[in-house]
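Q: Please give me a close look at one part of this model, the stretch around the residues that UniProt lists under "binding site". I'd like the cut-offs spelled out as you go.

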Amino acid sequence: MKDIRTLSLDELKDYFATIGEKPFRAKQVYDWLWSKNLHSIDEMTNLSKPLRDRILQDFIINPVSVDVLQKSTDGTIKNGVKLHDGLMVESVLIPTETRTTACVSSQVGCSLNCEFCATAKLKRMRNLEVAEIVDQVALIDKQSKLYFDRPLSNIVFMGMGEPMMNYKNVVEAIRKITQSDGMGMSPKRITVSTSGMPKMIKMLADEDLKVKLALSLHSAIEKTRNEIMPFSTKFPLTDIMEALQYWYQKTGNVITFEYCVWKGINDKDEDIKALIKYCKKVPSKVNLIQYNPIGEGKYDHRSIEAEERYVRELSKAGVTVMVRRSRGGDIDAACGQLANKTN
Ligand code: SAH
């Protein structure tokens with residue numbers, strides 16, 4: 001049977017018309033599904049029992065459920081989220097003094113092959129449905145209220161998967177999360193992180209979603225980047241830059257470059273120079289992400305000394321740079337550690 005959440009509002013209206021109901025029923029149901037995140041048709045209390053029974057004959061709702069919940073000593077919560085077909089993704093709640101961030105997944109596994117990332121070691125199983133993305137946000141919002149007494153404030157698409165490889169569903173999920181008749185969250189507090197597909201970046205810029213964009217760069221030297229992220233041979237840095245400039249021109253939003261520093265890989269002065277030159281081509285800032293080792297040999301040595309040089313040189317060159325503290329490392333919830341160890 002079909003999941004009722006695969007229907008648009010117009011399709012819901014058509015459905016209610018075919019069963020002889022008024023169009024406003026569609027709006028009522030849409031509100032339960034997308035604004036209240038209700039997972040049970042039987043709890044739609046403003047519908048009559050016969051009508052609920054009729055809907056139940058025609059549709060199901062595929063829920064997600066938290067299968068395993070792990071809490072880090074720093075407050076980070078990692079959820080092993082079970083999908084209707086038994087597959088698992090991970091969704092992380094990251095609290096700070098003032099905000100709660102949800103780090104959500106867009107795919108089961110990942111299509112890409114970044115050498116340093118634990119998720120890349122899994123094979124991509126499938127794309128997440130719109131509702132499966134929205135459900136992650138809703139469940140972390142509930143956890144934030146329960147454990148921190150405040151609603152979710154930010155969302156980052158930095159969990160498992162490459163958002164641009166599940167483009168349609170990610171965009172639709174963002175619409176459901178931000179629409180006033182959906183969850184009503186501000187798009188300014190949503191960041192889509194991509195490893196860099198130029199065409200998709202431009203397409204996303206044209207959607208006019210008002211979200212932020214982060215690009216996983218890790219090296220501004222083509223050859224080095226291609227070794228670290230082998231799929232990127234298909235996407236030259238010049239094409240990515242052109243797409244980022246287009247993004248800025250269309251959205252006016254500063255781009256964040258995500259960057260890890262590894263001993264012997266991108267710790268030399270020429271690496272720093274290349275990065276400065278690259279990010280000066282578009283209004284941007286650099287987030288130096290603390291690398292979380294995943295036992296991949298070559299990439300297991302983060303260079304703190306080189307990180308400090310990066311910060312010094314970037315600042316001197318007038319580039320905004322931040323060192324991002326890693327969170328949830330003790331429960332494998334940190335960047336690049338999401339790999340369903342719970343399975
Ligand atoms: N596929 C998307 C989003 C997922 S990864 C992307 O590539 O942007 C989110 C961020 O974590 C990316 O910048 C990625 O490069 C980084 N990352 C991956 N593995 C990591 C690890 N082990 N330690 C620190 N950061 C990592």
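A: First, a yardstick: a residue is buried when its relative accessible area is under 20%, exposed when it is over 50%, and partly exposed in between, using a 1.4 Å probe on protein chains only. This is a predicted model, so local features need pLDDT of at least 70 and side-chain atom pairs count only at pLDDT 80 or more, while totals for chains, interfaces and linings use all residues. Numbering runs from 1 along each chain as its sequence is written, and side-chain values use heavy atoms, with hydrogens and water left out.

Now the site. An unreviewed UniProt entry lists Gly161, Glu162, Ser193, Ser216, Leu217, His218 and Asn292 for "binding site". Of these, Asn292 is among the residues lining the largest pocket. Those positions use the numbering here, the feature name is shortened, and the annotation may be inferred rather than shown by experiment. A pocket is an open set of points on a 1 Å grid over the protein atoms alone, with protein on both sides within 12 Å along at least five of seven lines, and a lining residue has an atom within 4 Å of a point.

Let's zoom in on Ser193. Its home is strand E10, residues 190-194; helices (H or I, at least four residues) and strands (E, at least two) are DSSP runs numbered from the N terminus. Ser193 counts as buried because its relative accessibility is 7%. Who's around it? Beyond the neighbours within four places in sequence, Ser193 is in contact (heavy atoms within 4.5 Å) with Phe157, Met158, Glu162, Pro163, Ala214, Ser216 and Glu258. Two names there, Glu162 and Ser216, also sit on the UniProt list. The side chains of Ser193 and Glu258 are joined by a polar contact of 2.6 Å. That term means a pair of N or O atoms within 3.5 Å; within protein, one must be able to donate a hydrogen and the other to accept it, and residues adjacent in sequence count only if both atoms are side-chain atoms.

The strand around Ser193 is well hidden too. Five of the five residues of E10 are buried. In a regular strand the side chains alternate between the two faces of the sheet. Here Ile190, Val192 and Thr194 cover one side, with Thr191 and Ser193 on the other. Next door, strand E9 (residues 154-157) pairs with E10 in the parallel sense over three bridges, and Val156 stands opposite Thr191. For strands to count as paired, DSSP has to find at least two bridges between them.

Leu217 is on the list as well. You'll find Leu217 in the loop between strand E11 (212-216) and helix H7 (222-228). With 0% relative accessibility, Leu217 counts as buried. Leaving aside neighbours within four places, the contacts of Leu217 are Arg225, Met229, Leu237, Phe257, Glu258, Tyr259, Leu275 and Tyr278. So Glu258 turns up in the contacts of both Ser193 and Leu217. A further strand to look at is E12 (residues 255-259), which holds Thr256. Thr256 counts as buried, at 12% relative accessibility, and touches Leu213, Ala214, Leu215, Lys285 and Asn287, not counting residues up to four places away.

Back at E10, one more layer: E10 and E9 are among the elements covering the buried residues of helix H5, along with H2, H4 and helix H6 (198-206). H5 has nine of its twelve residues buried, including Tyr167, Asn169, Val170 and Ile174. From first C-alpha to last, H5 reaches 17 Å, close to the 16 Å expected at 1.5 Å a residue; the expected span is 1.5 Å times one less than the number of residues.

H2 (residues 24-35) also has twelve residues, and reaches 16 Å against an expected 16 Å. Its buried residues include Trp32, Leu33 and Trp34, and that buried set packs against helix H1 (9-18), helix H3 (49-58), helix H4 (130-148) and H5 (167-178). Just after H2, Asn37 takes a positive phi of about 55 degrees.

For contrast, take Lys277 in helix H9, residues 269-279. Lys277 counts as exposed because its relative accessibility is 60%.

Definitions and conventions:
On a 1 Å grid over the protein atoms alone, a cavity is a set of points where a 1.4 Å probe fits but cannot get out, and a pocket is an open set with protein on both sides within 12 Å along at least five of seven lines; lining residues have an atom within 4 Å of a point.
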